[in-house]
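Let's take a walk through this structure together, one stretch at a time. Keep the viewer open as you read.

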Amino acid sequence: MSAARLRRVAVLVLEGAKPLDVGIPAQVFTTRASMPYEVRLCGAAPGLVTGGDGLSYHVADGLDALAWADIVFVPGYRFPDREDPPQPVLDALITAHDRGARLAAISTGAFALAATGLLDGKRATTHWHYTRALAAKYPLVKVDENVLFVDEGSMLTSAGAASGIDLCLHILRGDLGVAASNHAARRLVAAPYRSGGQAQYVPRSVPEPLGERFAATREWALHRLGEPLTLETLARQAAVSPRTFSRRFVDETGYTPMQWVMRARVDMARELLERSERSVEQIAADVGLGTGANLRLHFHRLLGTTPSEYRRTFAQGE
C-alpha cells in the first residue's frame, strides 16, 4: 500500500456515542500535511446526534459517508446490549465492508459490528465490562476479553476508550509505517505501541508500584536494544527475581520478556529501514540482532515480509 495515497476515514456517531471514543479517531487521523487522511464525522442522518455523558454532536454527513470511506470507525455508545442500531446503519456498514472498507470499532462499537453478522466466526473484543454481554448476545463471535484490540483484517475491534488509541496507532503502523505511528504517538503524548495481546487491565494481585517499576524497565530496555538483553538482565533492572519478572511481565504485556524484546528490536529495525540508508547488516547490529540473516528471519516471522520489501514500501519520501 503506497504511503502517499489519501485515505478516507468516516467516524460513525450513533445515539449515545461516548465522547472520548468519538474524539480518538477524529484526532489521530485529523487531516494535516504529515497525515494523508481525510476525516468526516457522520451519523444515521446529517444534523444533531444526542451523545452520551451530556454531549451532543452536529454531523455534516449521513450514511453516504460510509460509501466514501476507506476506514469506518464505530465509537462506543450507550446501552449497546439493549438495542441494535437502526437497520439502515447496519446495511450501510455491510455495504461498506463488501466494497472493501475496513470497519473498526472502539469499545462498545463492537456491538454494532456484531449486529451486522460480519463478526460471526471472527475474534473480537470490547470494553471488559461488556465482554460477557457481547458473547451472550452474539454467540458466533469469538469474544476475547483479555486483549486491547483485535485485528481480523477488514474487521478490527478494541477494548475500552484508551485502547482506541492503541488501535488507531496500530492502523497507522500498517498504513504508513513505524515512524509515522511513533510521530503520532508523540503528538498525542501516548505510548508508542502497546500490543493487541496486552491485557485490558493488570490483575489486582499485582501491586501498582511494581507495575510502574516494570514500565520503567521496559523504557530502560528500549534505549538499550543494541546491547545484550536477557531475562536475568531485565529482572535485575526491575529488582525482582527472574521468575517473578517473567510471570508479571506476561500479565502486563501479553508477551514473555524475550518475545517483547524481539518485537521491540524488529520495530526499531522497521523505523531505521524507513528513515535511514543503513544496510540490513548495519541495522541488524544496531538493534541487537547480530546479522542480516537473523534480522530477515525474525522480520519474516513477525511481519511476513523482508526488510528490503518493507523499505521499498515505507521508505521516507515515497
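**A walk from helix to helix**

Let's begin with H10, whose buried residues are Phe245, Arg248, Phe249, Glu252 and Thr253. Because these residues cover an arc of only 115 degrees around the axis, they sit on the same side of H10. The pattern is one you may know from other helices: an α-helix has 3.6 residues a turn, so residues three or four places apart point the same way. Please keep in mind that this is a predicted model.

Now look at H10 from end to end. The helix runs over residues 242-253, and its 12 residues reach 16 Å from the first C-alpha to the last, close to the 16 Å expected at 1.5 Å a residue. Following H10 comes glycine 254, with a positive phi near 85 degrees.

Step back to the neighbour, helix H9, which spans residues 231-238. H9 and H10 pack at an angle of about 90 degrees, and their axes are 9 Å apart. H9 is therefore roughly perpendicular to H10. Where do the two helices meet? On the H9 side the residues are Leu231, Glu232, Leu234, Ala235 and Ala238, while H10 contributes Pro242, Phe245 and Ser246. Phe245 also belongs to the buried residues of H10.

In the loop between H9 and H10 you will find alanine 239. Its phi is near 60 degrees, a positive value in a residue other than glycine. Is alanine 239 buried or exposed? With a relative accessible area of 57%, alanine 239 counts as exposed, because the cut-off for that is over 50%.

Serine 107 offers a nice companion to look at. Phi of serine 107 is near 55 degrees, again positive in a residue other than glycine. This serine lies in the loop between strand E6 (102-105) and H4. Serine 107 has a relative accessible area of 6% and is therefore buried.

Past H4 (109-115), the loop leading to strand E7 (123-124) holds threonine 116. Threonine 116 counts as buried because its relative accessibility is 13%, and the limit is under 20%. What does threonine 116 touch, leaving aside residues up to four places away in sequence? The answer is Leu90, Leu93 and Ile94. Within its own loop, a polar atom of the threonine 116 side chain lies 3.1 Å from the backbone nitrogen of leucine 118.

Another buried polar residue is aspartate 175 in helix H6, which covers residues 163-176. Its relative accessibility is 2%, so aspartate 175 counts as buried. The side chain of aspartate 175 makes a polar contact of 2.7 Å with the side chain of tyrosine 37.

Next comes helix H11, residues 257-275. Its 19 residues should span 27 Å at 1.5 Å a residue, and the end C-alpha atoms are indeed 27 Å apart, so the two values agree. The buried residues of H11 include Trp260, Val261, Met262, Arg265, Asp267, Arg270 and Glu274.

We finish at helix H14 (residues 307-314), where Pro307, Tyr310 and Phe314 are buried. These residues lie on the same side of H14, because they cover an arc of only 60 degrees around the axis. What covers the buried residues of H14? The cover includes H6 and H11, which you have already visited, along with helix H7 (178-188), helix H12 (280-286) and helix H13 (292-303).

Technical notes
Residues numbered from 1 in each chain as written. Predicted model: local features only at pLDDT ≥ 70, side-chain atom pairs only at ≥ 80, totals over all residues. Heavy atoms only, no water. Helix = DSSP H or I, 4+ residues; strand = E, 2+ residues; numbered from the N terminus. Buried < 20%, exposed > 50% of the residue type's maximum accessible area, 1.4 Å probe, protein only. Polar contact = N/O pair within 3.5 Å; in protein donor to acceptor, adjacent residues only side chain to side chain. Contact = heavy atoms within 4.5 Å. Expected span 1.5 Å × (residues − 1). Arc of directions from axis to C-beta. Axes fitted to C-alpha atoms, helices over the stretch in contact; angles between N-to-C directions. Parallel < 35°, antiparallel > 145°, perpendicular 65-115°, else oblique.
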